[in-house]
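Okay, thanks for coming, everyone. I'd like to walk you through one structure today, going residue by residue and contact by contact. Let me put it up on the screen.

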Amino acid sequence: MNRPTVPADFLPFALPEIGEEEIAEVVDTLRSGWITTGPKARRFESDFAAFLGEPGLHCVAVNSATAGLHLALEALGIGPGDEVLTTTHTFTATAEVVRYLGADVKLVDCDAATLNIDPAAVEAAVGPRTKALVPVHYAGLAADMPRLLQIARRHRLKVVEDAAHALPSTSGGRLVGTLGSDAAVFSFYANKTITTGEGGMLVTRDPEIAARARVMRLHGISRDAFDRFSAQVPSWYYEIVAPGFKYNLTDIAAALGLHQLRRARDFHRRREQLAQAYDAALSGLPLQLPAHAPPGEQHAWHLYVVRLADDARVARDRVIERLYAAGIGCSVHYIPLHLQPYWRERYGLQARHFPRSQRAFERMISLPLYTRMRDADVERVAQALRAVL
Ligand SMILES: *Cc1c(COP(=O)(O)O)cnc(C)c1O
């Protein structure tokens, strides 16, 4: 297949930052003789708990956030006949895991300013079959967790946070992962705020959810391979207690995670600087800039999403084309689920039921944002936007 040649100065939408420590740790793993789930995955779990910094957290490393969301809802007993509420303004992974379990998804609209799930819409959507709520901390800005947890308590709903964007985000001064939901699930996909290539972390205070997820992430085996080869019971003995999945994180991936996590605060500082630089460089253009976290709170800045203002005279698709022609990669987060054929047809969804997500989608552009960007790259994107708008 002919691929268009990418000019040398193309500014991609996202790039991971992998340093020499990560590379050395991966090489060490490869030479160690233990490359699947083992001591490094264990250490990544305990380092992650230490990073979140509150006692009593269980961290379960998995090979994707999608897997972690699936395991969390499975451990909570979600199944056929149940309904799970989530936002239309997300990636399909948030919702598809509900279908894996044979339960139904009820999508609700987002808040117009933050693009996070709208608590009032959640409250209005709760029905007799509703068992759980999956908020997403969109772009790295924490959803309104105090209100969502209050609604959940009132209606006896389980809460699993899709925290794929939310390392490190805060709500009420506390890090996402410690907010008192049933579980929170982080993603270490290639373009997330820290990466293991593919990977995720399920965080919960509930020892039963953690224990179930540990069993189900590896075939329903009652103890994982590392235990089998190190504990007193005969090394060959294991028991299958359920038809589990294959969701364990390899030590090769965990080797990356150990060092990415160590750098997470520096990465975050750089993302904040870049977001501030965008804010300054884009002011005065017909753009709605992204919502900030309230004073004292932390936005993880996984994404920097602008929206064309009412008085912008160019269509969104055209702006993205023009930026691409100028050597700048952009994206759209997200094509709302209510527009995707599977979700639309399965639940008979219409755009007019999700006016805020729909309107945001039609006008939104995610600009490049990653730690390896230079200040001059921000200026270049702003310059290109000025020229287009
Ligand atoms: C990336 C992402 C996921 C899935 O993460 P994986 O680790 O790729 O499975 C889920 N939800 C949201 C909102 C995401 O952005």
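Let's start at T371. Setting aside residues up to four places away in sequence, T371 touches E17, F267, R270, R271 and L274. And keep in mind while you look that this is a predicted model. Where is T371? It's in the loop between β12, which runs 364–367, and α14, which runs 375–388. One of those neighbours, E17, deserves a second look: the side chains of T371 and E17 make a polar contact of 2.5 Å. Is T371 buried or exposed? Its relative accessible area is 12%, and buried means under 20%, so T371 counts as buried.

E17 also takes us to the next residue, E22, since E17 is among the residues that E22 touches. E22 is in helix α1, residues 20–32. Leaving out residues up to four places away in sequence, the contacts of E22 are E17, L256, H259, Q260 and R263. Which of these has a side chain in polar contact with the side chain of E22? That's Q260, at 2.7 Å. And E22 is buried, because its relative accessible area is 0%.

Now for a glutamate in another setting, E321. You'll find E321 in helix α11, which spans 316–325. E321 has a relative accessibility of 48%, so it counts as partly exposed. Its side chain and that of R318 are joined by a polar contact of 2.9 Å. If you want a sense of distance, take E321 and A264: they are 57 residues apart along the chain, and their C-alpha atoms are separated by 33 Å.

Next, a pair of C-alpha atoms with a separation of 6.4 Å: those of C110 and T87, which are 23 residues apart along the chain. C110 lies in the loop between β3 (104–108) and α5 (119–125). C110 counts as buried because its relative accessibility is 0%. What does C110 touch, once residues up to four places away in sequence are set aside? The list is T87, H89, L115, N116, I117, D118, R356 and S357.

L115, from that list, has something going on in its backbone. Most residues other than glycine have a negative phi, and most peptide bonds are trans. L115 has a positive phi, near 65°, and it isn't a glycine. L115 sits in the loop between β3 and α5, and with a relative accessibility of 4% it counts as buried.

H219 is another non-glycine residue with a positive phi, about 65°. Look for H219 in the loop between α7 (207–216) and α8 (225–228). Why does H219 count as partly exposed? Because its relative accessibility is 39%, and partly exposed is the range between under 20% and over 50%.

On to the peptide bonds. The bond joining L167 and P168 is cis, with omega at about -5°. P168 is in the loop between β5 (158–162) and β6 (170–171). There's a cis bond from H333 to Y334 as well, and there omega is near 10°. Y334 is in a loop too, the one between α11 and α12, with α12 covering 341–347.

Y334 is a handy way into the ligand. A polar side-chain atom of Y334 lies 3.0 Å from an oxygen atom of the ligand. What else does the ligand have around it? An oxygen atom of the ligand is 2.8 Å from a polar backbone atom of A65. On the nitrogen side, a ligand nitrogen is 2.7 Å from an N or O atom in the side chain of D162. Taken alone, the ligand exposes 380 Å², and the protein buries 92% of that.

And which pocket is this? The ligand sits in the largest pocket. The elements giving two or more residues to the shell around the ligand are α3 (65–75) and α4 (92–100). There are 15 residues around the ligand, and the ones that come nearest are T66, D162, H165, S187 and K192.

So that's the tour, and I'm happy to go back to any of these views if you'd like another look.

How values were computed
Residues numbered from 1 in each chain as written. Predicted model: local features only at pLDDT ≥ 70, side-chain atom pairs only at ≥ 80, totals over all residues. Heavy atoms only, no water. Helix = DSSP H or I, 4+ residues; strand = E, 2+ residues; numbered from the N terminus. Buried < 20%, exposed > 50% of the residue type's maximum accessible area, 1.4 Å probe, protein only. Contact = heavy atoms within 4.5 Å. Near = heavy atom within 4 Å. Polar contact = N/O pair within 3.5 Å; in protein donor to acceptor, adjacent residues only side chain to side chain. Areas by Shrake-Rupley, 256 points an atom, 1.4 Å probe, with all protein chains shown as cover. 1 Å grid on protein atoms, 1.4 Å probe; cavity = no way out; pocket = protein on both sides within 12 Å on 5 of 7 lines; lining within 4 Å. Sits in = over half its atoms within 2 Å of the grid points.
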